[in-house]
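Colleague: I'd like to learn how to read pockets, cavities and ligand contacts in a model like this one. Can we walk through it together?

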Amino acid sequence: MPTAKSIAAALTTGNIKDMTEETQAFQAEVGRLLDLMIHSVYSEKQIFLRELISNASDACDRRRYLALTQPDLAPDAGAFKITVAVDKPARALTVRDNGIGMNRDDLVQHLGTIAKSGTAAFVDQMSGDARKDMALIGQFGIGFYSAFMVADQVDVLSLKAGETAAWRWRSDGKGAFSIAAAGKEAIGTDVVLHLRPGEDEYLDPHRLRHIIKTYSDHIAVPIELAGEGEAETVNDASALWTRARSEIAEGQYKEFYRHVAHAFDTPWLTLHYSVEGKVEYTGLLFVPSAKPLDLFHPDHRPGVKLYVRRVFITDDAKDLVPGWLRFLRGVVDSQDLPLNISREMLQNNPVLAQIRATITRRVLGELERKAEAEPEAYAAFWGNFGAVLKEGLYEDPSQRETLLKLARFRSTAADGWVTLADYMGRMRPGQEAIYYIAGDAGAALTQSPQLEGFKARGIEVLLLADPVDEFWIPAVGSHGEKPLRSVTRGTDELATIEPVESAPARDEPAVDLGGLIALFKLTLKDGVKDVRGSNRLTDSPVCLVADAGDMDLHLERLLKQHRQTDRISKRILELNPRHALIRGLVARLGDAGAHDTVVDMAHVLLDQARIVEGEPLPDPAAFTRRLAGLLQKGIAAS
Ligand code: ADP
Ligand code: MG
C-alpha cells in the first residue's frame with residue numbers, strides 16, 4: 001500500500017494511477033452475491049437506486065453528527081444534498097452525496113466484504129438455484145451490490161471528511177475490485193454506474209423521478225435530479241417521522257422502514273407516536289415481518305436509531321430499547337437530550353431510561369391488541385420473535401405478567417400455539433402443576449418416553465424448544481399459584497390422577513418390581529442415582545428422570561454444551577411395571593442361569609434410556625457387545 005508520502009510524490013509527478021492501482025479479490029461470499037446480481041432475473045431492478053440513495057442519506061447523517069463536534073467538517077453551504085445525475089452520452093448514472101465519505105480502508109472493508117453478522121453465513125447456504133436464491137436475497141437484502149444488476153462497471157469516488165487523499169474503487173463485479181488514488185476535492189462519495197446494454201431506462205429523467213418518488217420520498221436530505229436541463233429537487237426532504245400521520249401513506253412508511261432497518265420485507269407492525277410532558281420524543285417504530293439474520297448474534301446490529309431534534313446521533317444506543325425487544329426497528333427523535341451528547345453520556349442516562357420505559361409499554365400494549373384482534377397474524381409474529389420476547393421474562397420482572405399473557409407455546413394438546421390461559425383451563429382435576437418438557441425442537445421432544453404417562457392421563461404438557469426456556473422457567477417458577485414442573489423430574493402425583501378413558505387400555509397388571517429393582521441397583525451401582533417403578537410410562541420399558549431437587553435433564557445438557565458445568569448429575573432409572581419386557585425379566589428372576597441375562601439387560605436398558613435422551617453413552621463398545629449377546633440369545637431361543 002502506498003504511504004501518504006509516496007502519494008504526495010506521485011501527485012506532483014502526475015503519476016498516481018500507475019503507482020497506486022491495486023486489485024483485490026472480493027470475499028468469497030460477496031463474489032457469489034455479485035454473480036447472482038449480474039445474472040439477476042429480479043423483476044425489481046430499480047431498487048438499486050433506493051439502496052444507493054439510502055446509503056447516501058446515511059452518509060449525510062454521519063457527517064452531520066461529526067460536524068457537531070468538528071464544525072469545520074460541515075459542508076460549505078451548510079446543506080446536505082444527494083444528486084442523481086445522468087450523463088446520456090457516456091451512459092452513466094451517478095449518485096452523489098456530500099456525506100461522510102470513505103477512505104481506502106473503508107472502501108475495501110465496506111465494498112469488498114459482507115460485514116453484517118449472519119449474512120455471510122446466509123449467503124454460504126444459498127442453494128445455487130438462481131431464482132430461489134434471488135427470492136431469498138430479495139428478503140434479506142444486498143444494499144450497495146444491487147448496483148450490479150444494472151451496471152457492468154461501478155466506480156466509487158470518495159473523499160472522507162477530515163482526510164486529504166481521495167480514492168477510487170472500481171469493479172465489473174466479476175470477482176475483483178481495484179483501488180486507486182483519485183483526484184476528488186469535495187468531501188463525499190460519487191457512485192458512478194456504467195449501465196449495461198438494455199438498461200437505458202435509468203437514463204430517462206421521468207423514469208428516475210418516478211423511482212425516487214416511489215422509493216425515496218421519505219429521505220430527509222434533498223434529492224436533486226440533474227439531467228440535461230435544470231436540476232430539480234424530487235422529494236419532500238423532511239424527516240418522515242416529523243410529518244403528520246394522516247399525511248403519510250402506508251407505502252412511505254414501508255420504504256422508510258426498509259431504509260432505516262436495511263431491510264427488504266414489509267413491516268408487520270408500524271407504531272408512530274409522539275410523547276409530550278416530562279420527556280418529549282417522537283417514535284417511529286416497526287416490527288419486521290421477516291426474522292433478521294443476526295437476531296441471536298452477539299454483535300447483532302441495533303435496530304432503533306437515536307436522533308436529537310432531527311440530527312442523527314447513533315444507531316448504537318444500547319439502552320434505548322431493552323435487549324428482549326431488539327427486533328424493533330425505526331427511529332426515536334428526542335427533544336430533551338443535548339445535541340452534543342456523547343456515547344458515554346448515553347449510558348445510564350435518565351432521559352433514555354424514560355424513553356425506554358415508554359417504548360416498552362407502547363410496544364407491549366400494541367402486541368396485546370394484535371394478539372386479541374388478529375390471532376393468526378400474531379402467531380406469525382410469535383414464531384419469529386417469541387424466543388426473544390421470552391428473555392424479558394427474566395430480564396424485566398415488572399413486565400412478567402404481560403409477557404406471560406403474550407407468550408405462546410407448543411403443547412401436546414393442540415397442533416397450533418396455546419396460551420397459558422388455555423393450559424390452565426384444561427388442567428385435570430387433581431393436577432398440581434403446569435407441566436413442560438424442554439428439549440431440542442423436532443419430533444424427539446414429542447416422542448419422549450417421559451410424556452407417556454401424561455398422555456394417558458390427558459394431562460397437557462408444554463413443549464419448550466427454545467434455549468431461553470431453561471432460563472425463564474426457574475425465574476418465573478409458577479403461574480396462577482401452580483408451579484412450572486418438568487416432566488423429566490421426579491413426581492409422585494401422577495399416581496393420583498385417573499387415566500382418561502380414551503387412553504389405550506393397559507390390562508396387564510403391574511408386577512412387583514422389588515427383586516428386579518434390587519438386582520438393577522446392584523448391577524448399575526454408581527451409573528444411576530436410583531432405580532424405581534414408574535407411573536409416567538405406558539409404551540416404553542424404561543426412562544431416565546432427574547431427582548426432584550436436581551437440574552432438569554435438558555438444562556444440564558445445555559449448560560454442558562456451553563461449558564457452564566462439568567457436573568454430571570446421576571439420574572433415576574424408572575422401570576415400567578406393565579411393560580412386557582420388564583414383566584418377562586421379573587418372571588425369569590428366579591430361573592437358574594437367568595442372572596447374566598438380567599445383568600446385561602440392566603446395562604442395555606440404561607444405555608437405551610440415555611440414547612432416547614440424546615445423551616452420549618459412557619461406553620458404546622460395551623453397549624454393542626451386550627446388545628449383540630442378547631440378540632444372539634434371542635435368535636437361539638426362537
Ligand atoms: P448497509 O447500508 O446495509 O450497511 P450496503 O451494502 O448498502 O449495506 O453498504 C455497505 C456499507 O458501505 C455501508 O454500511 C457504508 O459503511 C458504506 N457505504 C456505502 N455507500 C456509502 C456512501 N455513499 N457513503 C459512505 N459510506 C457508504
Ligand atoms: Mg445500504
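Modeller: Sure. Let's begin with a term: a cavity is a set of grid points where a 1.4 Å probe fits but cannot get out, while a pocket is an open set. Keep in mind that this is a predicted model.

Colleague: Okay, how many cavities of 30 Å³ or more does that rule give?

Modeller: The count is two. The second largest cavity holds about 30 Å³ of space.

Colleague: Which elements give two or more residues to the lining of that second largest cavity?

Modeller: Those are α4, α8 (205–216) and α9 (250–261). α4 gives the most, with three residues. Among the lining residues are Arg 50, Ser 54, Tyr 215 and His 259. Sorted by class, this lining has three nonpolar, four polar and two charged residues.

Colleague: Now the open kind. How much space lies in the largest pocket?

Modeller: About 1,300 Å³. The lining of the largest pocket runs to 46 residues, and nearest its centre you'll find Asn 55, Arg 62, His 110, His 262 and Arg 301. As for class, 19 of the lining residues are nonpolar, 13 polar and 14 charged.

Colleague: Which element gives the most to the lining of the largest pocket?

Modeller: α4 does, with ten residues. Elements that each supply at least two include β3 (92–97), α5 (104–110), β7 (188–195) and β13 (311–314).

Colleague: And where does the largest pocket lie with respect to domain 1 and domain 2?

Modeller: To place a pocket, look at who lines it. Domain 1 (4–238) and domain 2 (241–377) both contribute lining residues, so the largest pocket lies between them.

Colleague: Let's turn to ligand 1. Which of the residues around it come nearest?

Modeller: There are 13 residues around ligand 1, and the nearest are Asn 55, Asp 97, Phe 144, His 262 and Arg 301. Asn 55, His 262 and Arg 301 also turn up in the list for the centre of the largest pocket.

Colleague: What distances should I note for Asn 55, Asp 97 and Phe 144?

Modeller: For polar contacts, look for N or O pairs within 3.5 Å. A side-chain N or O atom of Asn 55 is 2.8 Å from an oxygen atom of ligand 1. With Asp 97, a side-chain N or O atom sits 2.9 Å from a nitrogen atom of the ligand. Phe 144 uses a backbone N or O atom instead, 3.0 Å from a ligand oxygen.

Colleague: How much of ligand 1 does the protein bury?

Modeller: Taken alone, ligand 1 exposes 540 Å², and the protein buries 86% of that.

Note on methods:
Residues numbered from 1 in each chain as written. Chains lettered and ligands numbered in written order. Predicted model: local features only at pLDDT ≥ 70, side-chain atom pairs only at ≥ 80, totals over all residues. Heavy atoms only, no water. 1 Å grid on protein atoms, 1.4 Å probe; cavity = no way out; pocket = protein on both sides within 12 Å on 5 of 7 lines; lining within 4 Å. Points joined across faces, edges and corners; volume = space filled by probe spheres on them. Helix = DSSP H or I, 4+ residues; strand = E, 2+ residues; numbered from the N terminus. Nonpolar A, V, L, I, M, F, W, Y, C, P; charged D, E, K, R; others polar. Domains from an automatic or database assignment. Near = heavy atom within 4 Å. Polar contact = N/O pair within 3.5 Å; in protein donor to acceptor, adjacent residues only side chain to side chain. Areas by Shrake-Rupley, 256 points an atom, 1.4 Å probe, with all protein chains shown as cover.
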